[in-house]
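Colleague: Could you walk me through this one? I'd like to hear about the sheet, the cores and a helix.

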Amino acid sequence: MRTKFGALVVIFLLVLAGAGSIGLRTYLIKQLRANQRSTWWRLTYRIELDSDKAGAKIQVAIPTDTPHARVFRENLSFGDLIASRSIQPSGTSLVSFSTQNAGLHFILAQFDLELSQSDRAPQKPSPEKASITTLARYLRATPTIQTQSAVVQETIKELRSERVGPIDPVQQIFDFCSIQIEDDVEGESSGDAEGVLSDMVGTELGRAKAMVALCRADNIHARVVTGFRVGQENELLAHHWVETLRDKIWESHDLQSRLFNQLPGNYLPIRYDGDQLVFLSDREGAEVTFSLSELSAQDAASFANRRPAQILDLTRLPPAMHPVLAVILLIPLGALVTSIFQVMVGIRTIGTFSPTLIAVSFVMADWRTGVAVFALVIFVGLISRALIDRLRLLMVPKLSFILTLVVVILVFTISVLDYMRLTPSPQAVLLPMVILTMTIERFYVATAEEGFGAAFGLLLNTILVSFVCFLTVGWLQVGQLVMAYPEVHFFTLAAIVFVGRYNGYRIAELWRFRDLRQPEVDGRVT
Amino acid sequence: MSVHPWRFWAWPHELRRKGILGMNRRNAEYILAVNPRRNFPNVDDKVRTKEICQACGINVPKTYSIISRYGDTHRFHELVKDLNEFVIKPARGSGGRGILVVACQLENAFMTTGGQLLTRSDLRTHLATILSGLFSLSGLPDVAIIEERIVRHNAFDEYVSCGTPDVRIILYRAVPVMAMVRLPTKASQGRANLHQGAVAAALDLQTGCAFGGVCKNRTIAKHPDTGAFIQGFNVPQWDELLRSAMQLADHLGMGYVGVDFVIDKDKGPVVLEANARPGLAIQVANRCGLLNRLQFVDRQSKGTLPLDRRLAMLQVINAIDRVDIATSGEALF
């Protein structure tokens, strides 16, 4: 009774483990698929600082995690400089370096980034939680964003007058700045908002400042964002775009690319409410270069994407291994079918797991070729076995002899089928040759000891069980399921425990003991 | 007339009602439960079984030689040169597989009981096959036993025309619960193998008297070769056989065991082998199930009972298939 209860508990736990594992894997597969659309980059800052005194300061804005980007490694090299980190109220992450002596100083900063390009919706930006004082910064006038200047006020007044019906003021200002203001490719125009709006021509930064100035003049919180557009390897220049606050959420707009409200995942914001990534406290000379290089998935995986959970993902293994893994994973299902036939049906076969292995080999090969080769090997093997009986070989050499024959027959059968243009499957050679050898030997011995009828019955049983195993393991959906979810075998184990604890009558016994079902009746005993 | 003559199967509830023991239940509730794995060699290895029998004073066929190495097969002729008849059998064989009975030795050949003529080379090959483990229960290398051929008791002469009948007793907790005698036929080629067509006759546990017979799963009254009525045949020296079986079961350390005897013309009951997984065909021969009898023994005691008490239980066990005493739940002894 206790054992029976124990078995039920084991079955329950196995089913639970199976369901849990499948749930976990489903989640992991989603994660992994998302990661498969990621790219990995190395952003490098090279800064040469020429300071004529000790205590000179340089501040560097560095990348942080965003809904699209993840910084998974950083490496800062700054010699004898003193470094300290801080986060600005705007959210910009800064590293401040101060010199201890005069002279030339080198700073090398490397940031390894994972950039998500997935189709899934990007993580929603978190609402702005800044205080009223901080938010007031995004409405103020600065030396280059002159919100109170006449040209700015005039322009916004004109834009307001054009608003008829439900027009989004941000969109209107964006359209104005991106379409009406000419793009200054040469970079000779004024860099401030007033100059740009006066000349109606501006650089990327100038137009961004003009838009921010117009938004602030219209009482809309706005800021310039400086960062990079990740996508091509090379030395790169900082890029500038605009963010405006709507319902506590910052919306991004790129005037140069004419992208309103939502920017692609390759926009990497680094500094908010500022147009420089590296800025000095004094007028020391500094030479700054930024470069970007793409990391191979393998390099990146070695430290960015490698997670222990991946061990459970068999699909990540090289595709060449998949067929072999699929076969290995199907064997337990064949074993379950064999157990059911042995324990519940009561069918005797030649060799306990021969049907399973034969069925798996038929799944791998084309089944028609498999059956043809199987039949021929058994037929010729039995004739050969009868002939070599006269040689009186010892057991192991005798089996080796038959095995050699099986191999030769197998290879030449494939050759013959090919010659006859019957397109044999090269996988037919995967027929379990040792199993076939033992099948031939046991069939022969069974014929001698129990008669041909009994031996043939055993062979038929073996073929029947093999056929059912074949139908089970050859079911395409089953193969795909087991490959994707090897945890299915928790259910297989539960089923095997159930079959193992079955102590009812076998179906064959219902026939075997049929005469015992009722009391003896007159006339039966002859 | 049968109630359902057209139905060629029995429903599980019908078999349960008759107390038929199925293979799965036999394995799970009896063999696994009361046969410790460490004691299996006592029955699987005939050499060890013989040693146990000899230590208890139970008759076994005389062992002429044991061949355990391939090299010894070349000495085979020397080993049997003085023997006119003998038996070669694998020590770990089952179901009679690999047993060769030589009835007489000619100048350069041996004649089997089936009339087949074999050369020395044939026998050496057979010995080598036994040693390789082809007939072995686990498929592992085996040893070959050359032993005396049992000459069947005269009492069987009018019942069988060829071969040697044997008697199987199933013992549970060393209590005999069911018995049958297997009578070879021409169809079974002189072997007492039910699969091949030998006759099985149920035996009364108290008297050793046969009642009814079964051949190939069908009930028969007469032996198909000799035409002798099976009912009423008495196994000679039954009491001695019964006591030997119980004594052996005590020493084998197996709770559920089948013991096979042959009745030798001179020695009387001789143990051929013991079996830790005795087949269930004995139920067909007895026309009743084992289950109620096994449950009855369980209700009497979980330990080993004295010999006389076990003998006294036979009267009740015999009646179990006729009167449903087993379901009363009362311990009678």
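**A sheet, two cores and a helix**

Modeller: Happy to! Strands β2 (residues 57-62) and β5 (residues 93-98) of chain A pair antiparallel over six bridges. Please keep in mind that this is a predicted model.

Colleague: Which residue stands opposite A:V60?

Modeller: A:V60 faces a residue in β5(A). That residue is A:V95.

Colleague: Which strands of that open four-stranded sheet stand at the edges?

Modeller: The strand order in chain A is β4-β5-β2-β14, with antiparallel pairing. Two strands each have a single partner, so one side of each lacks a neighbour in the sheet. Those edge strands are β4 (82-87) and β14 (278-280) of chain A.

Colleague: Which helix gives the most to the largest nonpolar core?

Modeller: That core has 74 residues, and B:A201 is among the five that touch the most other members. Contacts of B:A201 beyond four places in sequence include B:M180, B:I230 and B:F233. The leading helix contributes eight residues. It is α7 (residues 238-252) of chain B.

Colleague: And how many residues are in the second, separate core?

Modeller: Its members include A:M211, A:C215, A:F228 and A:L245. The count is 55 residues.

Colleague: Which helices do the buried residues of α2(B) pack against?

Modeller: In α2(B), the buried residues are B:M23, B:N24 and B:R26. They span an arc of only 150 degrees around the axis, so they sit on the same side of α2(B). Their packing partners are α8 (322-345) and α16 (507-512) of chain A.

Conventions: Residues are numbered from 1 along each chain as its sequence is written. Chains are lettered from A and ligands numbered from 1 in the order in which they are written. This is a predicted model: local features need pLDDT of at least 70, side-chain atom pairs count only at pLDDT 80 or more; totals for chains, interfaces and linings use all residues. Two strands pair if DSSP finds at least two bridges between them. A nonpolar core is a set of buried Ala, Val, Leu, Ile, Met, Phe, Trp, Tyr and Cys residues joined through C-beta atoms within 7 Å. A residue is buried if 20 or more other C-beta atoms lie within 10 Å of its own, exposed if 12 or fewer, and partly exposed in between; C-beta atoms are placed from the backbone. Two residues are in contact if their C-beta atoms, placed from the backbone, lie within 7 Å. The arc is that of the directions from the helix axis to the C-beta atoms.
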